[in-house]
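Me: I am new to this structure and would like to go through it by question and answer. Please show it to me before we begin.

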Amino acid sequence: MLRLSLLGPVEVSIDGGGRLSLQPKQQVVLAMLVVGRGRAVSVEELVGGIWEGNAPTSAVGAVRNNVWSLRKAIAGPGETGIESLNRGYRLSDAVGVWVDLDEVERWGAVAEAARGERRWEAASEAVEAALGMWRGDPFGGLAGPWVSGERARLRELRTGLLVSGIEIAIERGDNQRAINELQPLLRDEPHNERFPALLMTALHRGGRRTDALNVFLDVRRRMIGELGLEPGHELTDLHRRILADEVTSVPTRAARQSQAPAQLPPDAVDFTGRQATVTRLVEDILGAESTAIETISGMGGLGKTTLAVRVGHQLAEQFPDGQLFVDLHGAGGLPPADPELVLGEFLRALDVTESDIPAGLAQRSALYRSVLDERRVLIILDNAANSTQVSALLPGSRHCATLITSRRPITTFAGGRIDHLAMFEESEAIELIGRIVGRDRVADEAEAVARLVELCGYLPLAIRIMAARLASRPTWTIASEVERLIASDDLAPFSSDGRTVDAVFQAGYTGLAPEEARAFELLSVLDGPDIPVAMAAAILGTAVDDAEQLCESLVDAGMLQSPQRERYRYHDLLRTFARNLPDPEGARAVVLPRAVDFYLATVRNLTATRNPGMGLDHLATATHPGITFADDIETGMWLDAEQSNLLALYRGIVCHTELLATSVDMAMLIVGTMHAGEMVPQLVDPLTALVAATVAAGDRMAEGRARTTLALAKLLGLSEGVAAYLELHSSLDLLREHDDLPVIAQTELLMGTAATVGGFVNIAIAHFHTTITLAEQLGDRWQQAIGWTSTARTACYGGLADQAIEAAERGLVLSREIGARGMESWALGELGWALSLRDGPTEPAFAACREAVDIARAAHRRLEEGWALSRLADVTLRSGDAATAARYAADGMEALEDAHEPGGQVRLLMIQARALIALGHDAEAEAILDIASRMRERLGGLPLVEAQLPETRANPTPPSA
């Protein structure tokens with residue numbers, strides 16, 4: 001008989017023949033054949049069992065040689081010993097075999113039978129006999145994939161026997177022995193809930209109730225900290241019974257199999273909103289034709305877990321075989337949960353015995369999928385770190401479904417849909433406040449509640465925390481909490497009962513790589529509503545592609561948002577969190593100077609594109625190259641996109657003395673682009689503060705330039721002629737102190753414009769001529785062109801047609817020489833109007849106005865388009881074509897509204913009203929005149945707005961085409 005001992009160093013012997021000396025690989029082959037129990041073991045299995053993936057090319061031959069040697073060693077006379085079958089081998093039935101494993105199984109069966117009959121002494125002796133078969137670690141001295149797997153299985157078998165012996169000891173009343181034997185098992189396998197359950201039982205039965213309860217608390221603390229899991233039903237039920245001091249029985253496997261896992265946390269009783277998302281998730285999961293995988297992603301505090309739990313409870317009845325839930329610690333102070341350990345807990349919850357749970361991630365994942373194959377189980381993987389962490393936890397069965405929550409979008413190998421969770425709508429936020437605080441209280445302070453949820457950034461966690469504070473303080477007003485939030489510059493108010501917004505954000509911040517954390521901190525310094533990627537690159541000192549990659553990483557981490565491609569923004573509370581992070585080295589001090597430098601460079605490039613020939617040498621220069629532009633269209637798009645950011649920059653710049661002069665020059669360029677639209681009137685307040693800052697700094701030249709820029713903003717945005725004129729007088733004195741000729745010329749030009757608005761034609765023209773003279777001295781053809789064109793407009797208002805025609809023609813020549821298309825359109829419009837004043841609505845007048853409109857439209861310059869349409873409407877009305885004039889006036893109004901030019905709008909309204917009167921629409925005309933009157937009053941009268949308005953003809957004559 002062949003005798004094989006595997007439970008220790010492998011020993012092979014033959015009765016009557018002594019021990020056989022076999023090579024290690026021969027021992028492995030023999031063990032695989034013996035354990036195969038008469039089954040044919042293929043050559044491929046033998047090769048894989050010995051070498052796994054690194055088998056040599058000679059592996060098949062080596063296996064055959066090992067089999068040949070074994071045949072000679074174990075076969076008796078006339079016996080084959082090992083049979084060859086279909087590219088495999090099996091142990092011959094003629095060979096008698098004794099294996100120590102068989103003895104273990106036999107004694108184990110005896111022990112189970114004795115336990116069933118409550119013969120504890122006999123059962124204990126049988127377990128001891130089975131354990132006595134071990135001589136050491138199984139397969140001692142051997143290696144290879146098959147050996148590793150079998151060794152792990154046999155170790156678990158021995159552990160199972162030890163547990164059986166402990167259970168018997170408890171039943172016999174030998175509790176101290178059980179306690180002593182459980183201690184090393186707990187140390188070796190801290191996540192095996194069977195061991196603490198037995199230890200708690202032994203302690204409780206031994207009269208140590210407090211110690212038993214402490215074991216549960218220790219286990220619970222460790223499981224939550226390391227796995228994000230609560231203890232299972234068996235352990236929590238045992239804890240409940242010990243608390244009640246009920247009689248505790250030894251937990252049996254049957255008890256553990258009595259119910260499907262139901263691990264979902266409680267559903268939120270005040271769950272609010274998200275109904276469309278809940279419905280869609282439920283429908284998608286139930287309607288899936290294959291394994292359903294849904295991911296809910298978004299920044300911390302959005303309520304991803306709450307949503308997943310709500311969906312889980314709505315689906316629970318559809319998954320009768322159980323619901324598994326785990327916190328994977330993807331964000332937080334704890335290390336991400338190890339999927340191998342999580343699988344161990346899942347398998348135990350699915351009634352897999354400890355001895356059947358293999359070691360290794362791949363092995364556990366395979367068993368997990370096999371166990372789930374015919375079951376309907378819902379798995380919720382909460383707070384996942386990445387796809388690598390969750391991949392092994394995904395079931396393969398189409399009957400199962402997985403719901404993942406994560407701050408980062410997670411794409412799995414099995415696919416699945418990603419839902420990016422958004423902030424609450426205002427109505428949802430107010431509803432949540434009402435559910436927690438009380439609807440009557442919310443109704444009484446509706447305005448304060450709306451402001452409160454706005455200050456919470458519509459973030460569900462922040463709203464819930466504030467509502468909880470108010471609910472616990474019924475005498476407080478909601479308005480008082482609003483005032484507290486407004487006064488705070490950190491997240492301290494967002495704290496209640498141990499829950500803080502700061503902690504949630506800190507969890508996300510802790511998970512950032514160093515370069516991501518640096519970007520998150522630096523980009524938070526600016527106040528603008530969003531951050532263009534080019535600006536981010538300038539602040540971070542990186543290439544644009546690198547900055548985009550960093551920003552996208554922050555978006556994936558839920559620390560930034562991306563409203564559109566290449567633009568990023570902070571949630572208001574996340575920006576506050578970032579600004580309150582420590583900055584011991586003062587790294588953030590570079591942000592504002594870099595932002596100003598970037599914007600200055602870009603605005604210089606923009607000005608060179610929009611206003612070619614405009615002198616820039618007298619203005620501050622930048623070190624950053626800035627963004628470049630191909631044409632006027634691109635400049636207009638950039639200005640539209642950056643208006644709010646530029647306004648925010650100016651609001652925050654006034655306390656930085658070192659940046660004042662540069663910022664003033666940049667403002668001069670921005671306002672002077674004549675495309676700043678609605679930003680111009682909004683710049684009045686920041687520019688007023690900028691003037692005050694230059695005064696406080698004692699920088700008189702910067703003050704002069706700032707006052708000129710402020711006056712320009714008042715003129716373009718508000719049509720405040722008198723106020724602007726006075727501001728410019730103050731500016732002129734300061735500029736002359738420093739002989740700042742280019743800005744003096746611009747200031748004279750603006751004084752002329754202000755005088756025009758005030759109705760002083762001759763004074764205005766004198767200022768324009770001063771500008772032209774200075775510009776000629778400087779060789780600045782841009783200033784000359786704008787001086788002549790401004791003269792033409794004012795001369796037309798004064799009825800000086802010949803002077804206007806000469807000035808417009810000179811402005812037109814200069815603008816064409818320098819390629820200034822916007823100026824060319826303006827000059828053509830004034831020329832057409834002047835010609836119509838002198839000669840009537842002739843074809844040259846119409847041609848000039850039409851060309852002005854065409855040029856402005858081609859360049860997408862809405863201000864100049866509005867001006868040109870105003871002149872075309874005027875000339876058309878003079879011709880008697882009131883219907884067409886009204887249409888031109890309406891188009892011009894739309895353009896000037898876009899450009900936010902109120903003075904021009906008033907004149908267009910008057911032209912439109914006269915056209916409507918000519919058409920017999922008196923009531924409509926009256927309404928328009930009322931609007932014009934109110935606008936005119938608000939703008940200070942505009943004395944010249946009615947000057948040279950056309951009279952309409954009784955019998956209109958359309959102009960020639």
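Me: How many bridges join strand β1 to strand β2?
Reply: This is a predicted model, in which local features need pLDDT of at least 70, side-chain atom pairs count only at pLDDT 80 or more, and totals for chains, interfaces and linings use all residues. Residues are numbered from 1 along each chain as its sequence is written, and side-chain values use heavy atoms, with hydrogens and water left out. Strands (E, at least two residues) and helices (H or I, at least four) are DSSP runs numbered from the N terminus, and two strands pair if DSSP finds at least two bridges between them. Strand β1 covers residues 2-5 and strand β2 residues 11-14; they run antiparallel, and the number of bridges joining them is four.

Me: Which residue in the turn of the hairpin formed by β1 and β2 has a positive phi?
Reply: In this hairpin, Ser 5 has Glu 11 of β2 as its bridge partner. Five residues lie between the two strands, and the one in the turn with a positive phi, of about 145 degrees, is Gly 8.

Me: In which sense do β1 and strand β7 pair, parallel or antiparallel?
Reply: Leu 2 stands opposite Val 97 in β7. Strand β7 comprises residues 97-99, and over three bridges its pairing with β1 is parallel.

Me: Why is strand β8 described as largely enclosed by the rest of the structure?
Reply: Buried means under 20% relative accessible area, exposed over 50%, and partly exposed in between (1.4 Å probe, protein chains only). Ala 292, Glu 294 and Ile 296 point one way from β8, while Ile 293, Thr 295 and Ser 297 point the other way, and all are buried. Strand β8 (residues 292-297) is therefore largely enclosed, as the buried residues number six of the six.

Me: Which residue of β12 is the bridge partner of Ile 296?
Reply: Strand β8 pairs in the parallel sense with strand β11 (residues 401-406) over six bridges, and there Ile 293 has Thr 402 as its bridge partner. Four bridges also join β8 to strand β12 (residues 417-420), again running parallel. In β12, the partner of Ile 296 is Asp 419.

Me: Which strands stand at the edges of the open sheet formed by β15, β17 and β16?
Reply: The order in this open sheet is β15-β17-β16, with antiparallel pairing. Each edge strand has a single partner strand, so one side of each is left without a neighbour in the sheet; these strands are β15 (531-532) and β16 (561-564).

Me: Is Arg 118 buried or exposed?
Reply: Arg 118 is placed in the loop between α4 (100-116) and α5 (120-131). Its phi is near 60 degrees, a positive value in a residue other than glycine. With a relative accessible area of 56%, Arg 118 is exposed.

Me: What is the relative accessibility of His 860?
Reply: His 860 is found in the loop between α39 (843-858) and α40 (862-879), and has a positive phi of about 55 degrees although it is not a glycine. His 860 counts as partly exposed, at a relative accessibility of 45%.

Me: What is the radius of gyration of the chain?
Reply: The secondary structure of the chain comes to 43 helices and 17 strands. The globule rule (2.2 Å times the number of residues to the power 0.38, with the radius taken over C-alpha atoms) gives 30 Å for 961 residues. The chain is well over that value, so it is more spread out than a compact globule, with a radius of gyration of 43 Å.
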